[in-house]
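This briefing looks at how chains meet and how helices pack in the structure shown below. Please keep the sequence and the 3D view at hand while reading.

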Number of protein chains: 4
Amino acid sequence: MKKTTVVTLRDVELKSPLMIEGLPGVGHVGKLVADHLIEELKAEKIVEIYSPHFPPQVIVEKNGTVRLVRNEVYAYRSSDLDLLIIAGDHQSTTTEGHYELCNIFLNIAEKYNVKRIYTLGGYGVGKLVETETVLGAVNRTELIDELESYGVEFKEEEPAGGIIGVSGLLIGLAGLKGIDAACLMGVTSGYLVDPKSARSILKILCKALDLEVDMKALDERAREMEKIVAKLREMEQGVTPVTSDEDLRYIG
Amino acid sequence: MKKTTVVTLRDVELKSPLMIEGLPGVGHVGKLVADHLIEELKAEKIVEIYSPHFPPQVIVEKNGTVRLVRNEVYAYRSSDLDLLIIAGDHQSTTTEGHYELCNIFLNIAEKYNVKRIYTLGGYGVGKLVETETVLGAVNRTELIDELESYGVEFKEEEPAGGIIGVSGLLIGLAGLKGIDAACLMGVTSGYLVDPKSARSILKILCKALDLEVDMKALDERAREMEKIVAKLREMEQGVTPVTSDEDLRYIG
Amino acid sequence: MKKTTVVTLRDVELKSPLMIEGLPGVGHVGKLVADHLIEELKAEKIVEIYSPHFPPQVIVEKNGTVRLVRNEVYAYRSSDLDLLIIAGDHQSTTTEGHYELCNIFLNIAEKYNVKRIYTLGGYGVGKLVETETVLGAVNRTELIDELESYGVEFKEEEPAGGIIGVSGLLIGLAGLKGIDAACLMGVTSGYLVDPKSARSILKILCKALDLEVDMKALDERAREMEKIVAKLREMEQGVTPVTSDEDLRYIG
Amino acid sequence: MKKTTVVTLRDVELKSPLMIEGLPGVGHVGKLVADHLIEELKAEKIVEIYSPHFPPQVIVEKNGTVRLVRNEVYAYRSSDLDLLIIAGDHQSTTTEGHYELCNIFLNIAEKYNVKRIYTLGGYGVGKLVETETVLGAVNRTELIDELESYGVEFKEEEPAGGIIGVSGLLIGLAGLKGIDAACLMGVTSGYLVDPKSARSILKILCKALDLEVDMKALDERAREMEKIVAKLREMEQGVTPVTSDEDLRYIG
């Protein structure tokens, strides 16, 4: 495996599905939502993507076995909604890798005739936040009104630094292919894995998709995190940013 | 888009134009000048350049939509002066990218029979400066006298560390193609976006091009920055260097 | 040599050998074991691998001559056990290099019909440890029982951060080729070259291979290191992590 | 110029010359010697090498013009000694670049039937040194006796960390091509440009080549540096390592 390798596990038939991307990033917000959806919807894995752009690393699973770091695509089918969900352990470690992987996701989107892409992420503001704000950015102006009706907020030129990584690049590149795409960003401290912010996104996503999803697991994680945050406030001392999966496991 | 992609938006006819490059860099001096010229001259965009050498990032625009990070070429035509202006969000993140993008700019220069290139940048001296000095460097000795007559200063072997990034590389590579090129560097602290230094360059550039440009917008920004600088002097405390666009927006 | 170059020094015949990998890493644990085995078993070098993914560096040998940084494969043959041992000065400095070199190791494994791979490494816990624990991870569940019988411990999702570098990647990629592979990780501080942890791994490996190896050299090193550790405890002051070979020489 | 480009300025005839490499590195020791030799011997430049592996940068020369960062090969011819001298502004910024450029140097060596290569560098010991020690490393044992007779010292496995960069890689790769090569390393603090250490190397090199070279320029620089060192000792305060050319100009 010297090149990025796309392993198709099974071919499914989907009716112009929506695509949802939730890879690790700020506060692991996007990953928490995607993983939660996959579990609750019992989505089935249809694609595995391996790449030398991922860290040279294996993940040790519960049973003591290992597997290569990878990205995955899951499919969910129901009578009125079909979904493709992109999840994974890591984003690319290189700039070119980001472009390459986004192209792969878009090829899959085109193959399945995806009509809209939602990318999910956190928007780190550098301090502990109570808000449940979800910021949006789109690749076509016409999407804004609809998304605002679900509770997404749009602020002029925010995030000022642009959107970095797959969540931004994917909607930008989707525009070049004529696929509607929106990025939903949960406002979060950036210091901690943030299931509360993930829940805020999930609520909005459920409205947008007209979908019902049990949120118990996220609720529990959010409560636990609130206790940690309370303690942190007590201690009033600095914490360091969270960016990799192990922290998810440690805290979650 | 796995490779650098040059999107030609329209073909224009230009009479042996000058090329001006002003990409983000020290004090955003070059970018401020190029963006100001594009706006005041109502130059029209003729080329967009996308590249995996740019950060994997999208820019969120005023209307909430996103676009990929890119470089752009604008054309300006008038009875006695034609210009090609290179502007953009970022320089390459990789060394090879720098070489590749400079080659693309030079191919465009050759296509339009560009007779001279001006690259614009800041020369960071590490402390707040009052001076309006513009340092020059050229790729052919014969250009020095002319530029000195516009007020550009030439100092032996300065900048001692050479000129890093597109502004330096482009005039170096232009020499190999036999195109005259000069780099104009506004002396600046390197700590802050510096519209005052940009104005110093613009004044000289206007003399060199025999061009009149309204400077109000830059003047205003310069005044605002002077207030900030005054405050900084009061506070007499360290500040950190500015290198990316968001800061431009934040301060400007 | 612009590409990774595999120099086959001699072709040997091996009866479905085991492959053991011990390259530099955390606490140099893996390297200590592999180098010790090569010396004690008088294994013969059959392959040298040179690569631009290794640091641009030469090693100065005892006699004042230099040689390029490289990885090596040694062969050991006996009546009831054949081994291929991977050793070397450095791991790849790039992500792609890691993938490329693991593929090379696996090609060699396939060529010789290797039936199982053991990769050896350290598991840094960030504090001085007295324990002789060896953690395991495998690429097929069925291997766990056997390895536990030799004293290897398996802990759910440990190491939580996955296994980084050749030791992890090799067993992950081996799985894709259908070759059984296990990673044995000696628990170590991560601050010091750790011959004691290496000895713990070697003991287990000897059980697994039904092999007898003189451990005197490792024992001596372990005793020396114990003295250093004792001193460190006295001083009760921080030490910095060890990651490159020179330190091996310095301390060992 | 997207690839490394070798510009042959003129073809010369040389009688099995020696090759000397002195690129920037620790204490700029090698560069000082190579530049000094080129000037004193009035060697003529025969090759320029441009590469995207060098920093994307131009050098501003005395007359205010710029040129791309490059490496150069100079030729010196006399009745009893012919030389090829490799000099330049920078070493490669990438690992692959190091390998690529060393191959280019070796191709030139083969073309001119070079019988021996001397690479020159500094050996940083991390503290101010009075000694004039020159350490050696060779790619064939037989060279040691001869070099010791010129005053080069050989110490077992020193430098312990190997020799990093062109000076090491070139003699390592030369060995693969059957060209004798030695690295001469002037012991130096690593904190300062060190003309005194350069002079120590030059003296030995002159013996080895049976060559007479005026050392006045280096002597002057060495005296100036001695004053600086004396001041530093007075101040007894830390200084930071020197690695790029501008510092050469600043101090020299």
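The points below take up a chain contact, the relation between two copies, and a pair of helices. The model is a predicted one, and the descriptions should be read with that in mind.

**Contact between chains C and D**
- The contact draws 29 residues from chain D and 23 residues from chain C.
- On the side of chain D that touches chain C, at least two residues each come from helix 2 (95-111), strand 9 (134-138), strand 10 (163-164) and helix 4 (166-176) of chain D, and helix 2 of chain D gives the most, with six residues.
- Sorted by class, this side of chain D has 12 nonpolar, 11 polar and six charged residues.

**Strand pairing across the contact**
- Strand 4 (residues 57-60) of chain C and strand 10 of chain D run antiparallel and are joined by two bridges, and C:Gln57 has D:Ile164 as its bridge partner in strand 10 of chain D.

**Relation of the two copies**
- A turn of 90° with a shift of 0.0 Å along the axis lays chain D on chain C with an RMSD of 0.0 Å, which is the relation of a four-fold axis.
- Among the residues of chain D, D:Thr94 comes closest to the rotation axis, its C-alpha lying at 7.6 Å.

**Helix packing in chain B**
- Helix 5 (residues 195-209) and helix 6 (residues 216-235) of chain B pack at an angle of about 145°, their axes being 8 Å apart.
- Residues making this contact include B:Pro195, B:Ala198 and B:Leu202 of helix 5 of chain B, together with B:Leu218, B:Ala222 and B:Met225 of helix 6 of chain B.
- By class, the contact between these helices of chain B has six nonpolar, no polar and four charged residues, with B:Lys196, B:Arg199, B:Asp219 and B:Arg221 also taking part in the contact.

Conventions: Residues are numbered from 1 along each chain as its sequence is written. Chains are lettered from A and ligands numbered from 1 in the order in which they are written. This is a predicted model: local features need pLDDT of at least 70, side-chain atom pairs count only at pLDDT 80 or more; totals for chains, interfaces and linings use all residues. Two residues are in contact if their C-beta atoms, placed from the backbone, lie within 7 Å. Helices (H or I, at least four residues) and strands (E, at least two) are DSSP runs, numbered from the N terminus. Ala, Val, Leu, Ile, Met, Phe, Trp, Tyr, Cys and Pro count as nonpolar, Asp, Glu, Lys and Arg as charged, and the others, Gly among them, as polar. Two strands pair if DSSP finds at least two bridges between them. Copies are superposed by least squares on the C-alpha atoms of residues with pLDDT of at least 70 in both. Axes are lines fitted to C-alpha atoms, for helices over the stretch in contact, and angles run from 0 to 180 degrees between N-to-C directions.
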